[in-house]
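Let's take a relaxed walk through this one. Have a look at the sequence and the structure first, and then we'll go through some spots worth pausing at.

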Amino acid sequence: MTADVAVSARPAEVASAPRPRIFSGIQPSGVPHLGNDLGAIRNYVRLQTEYEAIYCIVDYHALTSTHSPDALRQRTREMAATLMALGLDPERCTLFVQSHRPEVTELAWLFTTVTPVSWLERTPTYKEKRQNQPEDLNHGLLAYPVLQAADIVLYKASLVPVGKDQAAHLELSREIVRRFNAMYGETFPEPQPVYTEAPVVLGTDGVRKMSKSLGNTIEILAEPETIRRQVMSMVTDTKRILRTDPGRPEVCNVCQLHRFFGGDYESIWEGERTARTGCVDTKKLLAERIAAHYAPARERYLELIAAPDRVDRILAEGAERARPLAAATIAEVRQRMGIR
Ligand code: AQP
């Protein structure tokens, strides 16, 4: 089993030691939602100062489900603008596009040769895709976790900030790495996931994980009116029928999300428990707070997306910065595997 790693401030005595390396990838697959931010991006931002942070917009992965070249190009840039708008600082971290460091495809191929197909066939995401999109069950979907393992260890990262939905993939990355190390000698650290305080954010349906493909998202950089509409559509405590019924904040997704917006969630929960407030009031407040919280990021996003050359330059610089790490790993792996 994978151990959850709590990552916090590094003590002063180790602050001068080389910073451990972290890596995470995010798909350029459309509009960012609250699950992405609370579950992963907040940790990207938090960890970029204390760790050597490498973040990648994984367009090769996105090709397993996006077959529109224009959409992919546009979304890749939009995701870069989103991450920077939410707080990634290219001076502090390395941010680039996966395909701009194509060494990753070589490492992924080399990893396919140590990865049993049965491991890939049992991944939950693959099983789900086999069920939901039999018309486009491409090889990339099966090999997705191999490429993901290559993404992480190409840079010899040991920590990976992700949401809990990625736990099975991460476990598979660890297995691939263990197997490689056993066959060819100790080469890679086994990557560990790092979770936020909200490792699984539920969608507006209050039951399933917030996810674009399920259409149950709150789009954090949307106009306030869209955020309001999405929050107002949220399912609350299903046992609270009448306005005068006491609510159960522990099971109400709206109340849970209040934990992350404003420091007064306990008093909001008390209002629900005593029926002093109704679900509609609590939702309106949440919508206002989410919109206000992300308003500055939305402004930054609009500025960045209006300056595509600047975004592209930052991404190109990030890919250059990653080059020596990728080259060194590939040279080492070739040597170990007998590729001349
Ligand atoms: N609901 C969530 N709760 C916590 N973390 C989440 N993440 C995604 N949804 C939640 C985390 O966000 C990071 C980026 O994920 P991704 O690249 O898989 O992004 P996505 O395509 O935006 O995720 P979706 O919406 O779930 O996409 P579909 O519906 O296409 O599968 C990851 O670290 C992920 O864990």
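Which residue takes a positive phi just after H11? That's alanine 275, with a phi of about 60°. Before going further, keep in mind that this is a predicted model.

## Alanine 275 and the helix before it

Alanine 275 sits in the loop between H11 and H12. Its phi, near 60°, is a positive value in a residue other than glycine. Is alanine 275 buried or exposed? Its relative accessibility is 15%, so alanine 275 counts as buried, the cut-off for that being under 20%.

Now step back to H11 itself, which covers residues 265-273. The buried residues in this helix are Ile268, Trp269, Gly271 and Glu272. Around the axis they take up an arc of only 155°, which means they sit on the same side of H11. As for what they pack against, the buried residues of H11 meet helix H10 (253-258) and helix H12 (279-305).

## Another positive phi

Lysine 156 also has a positive phi, near 50°, in a residue other than glycine. You'll find lysine 156 in the loop between helix H7 (139-153) and strand S4 (159-161). With a relative accessible area of 24%, lysine 156 is partly exposed.

## Helix H4 and its buried face

Which residues of H4 are buried? They are Glu103, Val104, Leu107, Ala108, Leu110 and Phe111. Looking down the axis of H4, you'd see these buried residues fall within an arc of 160°, so they line one face of the helix. A bit of background helps here: an α-helix has 3.6 residues a turn, so residues three or four places apart point the same way.

And what covers that face? The cover over the buried residues of H4 includes helix H2 (59-62), H7, helix H8 (167-184) and helix H13 (308-337).

## On either side of H4

Glutamine 98 belongs to the loop between strand S3 (94-97) and helix H4 (103-112). Its relative accessibility is just 2%, so glutamine 98 counts as buried. What does glutamine 98 touch, not counting residues up to four places away in sequence? The list is Cys56, Ile57, Val58, Asp59, Tyr60, His61, Val104, Leu147 and Asp151. With aspartate 151 there's also a polar contact of 2.8 Å between the two side chains.

Threonine 115 is in the loop between H4 and helix H5 (117-121). At 8% relative accessibility, threonine 115 counts as buried. Its side chain reaches back to the backbone oxygen of phenylalanine 111, at 2.6 Å. Setting aside neighbours within four places in sequence, threonine 115 is in contact with Leu120, Val146 and Ile176. Alanine 150 is 35 residues apart from threonine 115 in sequence, and the two are 12 Å apart in space, C-alpha to C-alpha.

## Out in the open

For an exposed residue, try threonine 244, in the loop between helix H9 (224-232) and H10. Its relative accessible area is 63%, so threonine 244 is exposed. If you go from threonine 244 to proline 124, you cover 120 residues along the chain, and their C-alpha atoms are separated by 42 Å.

## Around the ligand

How many residues are around the ligand? There are 20, and the ones that come nearest are Asp165, Lys209, Ser211, Lys212 and Ser213. By class, this shell is made up of seven nonpolar, ten polar and three charged residues. The largest share of the shell comes from helix H1 (residues 34-47), which supplies four residues.

Now for some individual distances. A polar side-chain atom of lysine 209 is 2.6 Å from an oxygen atom of the ligand. Serine 211 has a polar side-chain atom 2.5 Å from an oxygen atom of the ligand. Methionine 210 joins in through its backbone, with an N or O atom 2.9 Å from a nitrogen atom of the ligand. How much of the ligand does the protein bury? On its own the ligand exposes 650 Å², and the protein buries 90% of that.

Notes. Residues numbered from 1 in each chain as written. Predicted model: local features only at pLDDT ≥ 70, side-chain atom pairs only at ≥ 80, totals over all residues. Heavy atoms only, no water. Near = heavy atom within 4 Å. Polar contact = N/O pair within 3.5 Å; in protein donor to acceptor, adjacent residues only side chain to side chain. Areas by Shrake-Rupley, 256 points an atom, 1.4 Å probe, with all protein chains shown as cover. Helix = DSSP H or I, 4+ residues; strand = E, 2+ residues; numbered from the N terminus. Nonpolar A, V, L, I, M, F, W, Y, C, P; charged D, E, K, R; others polar. Buried < 20%, exposed > 50% of the residue type's maximum accessible area, 1.4 Å probe, protein only. Arc of directions from axis to C-beta. Contact = heavy atoms within 4.5 Å.
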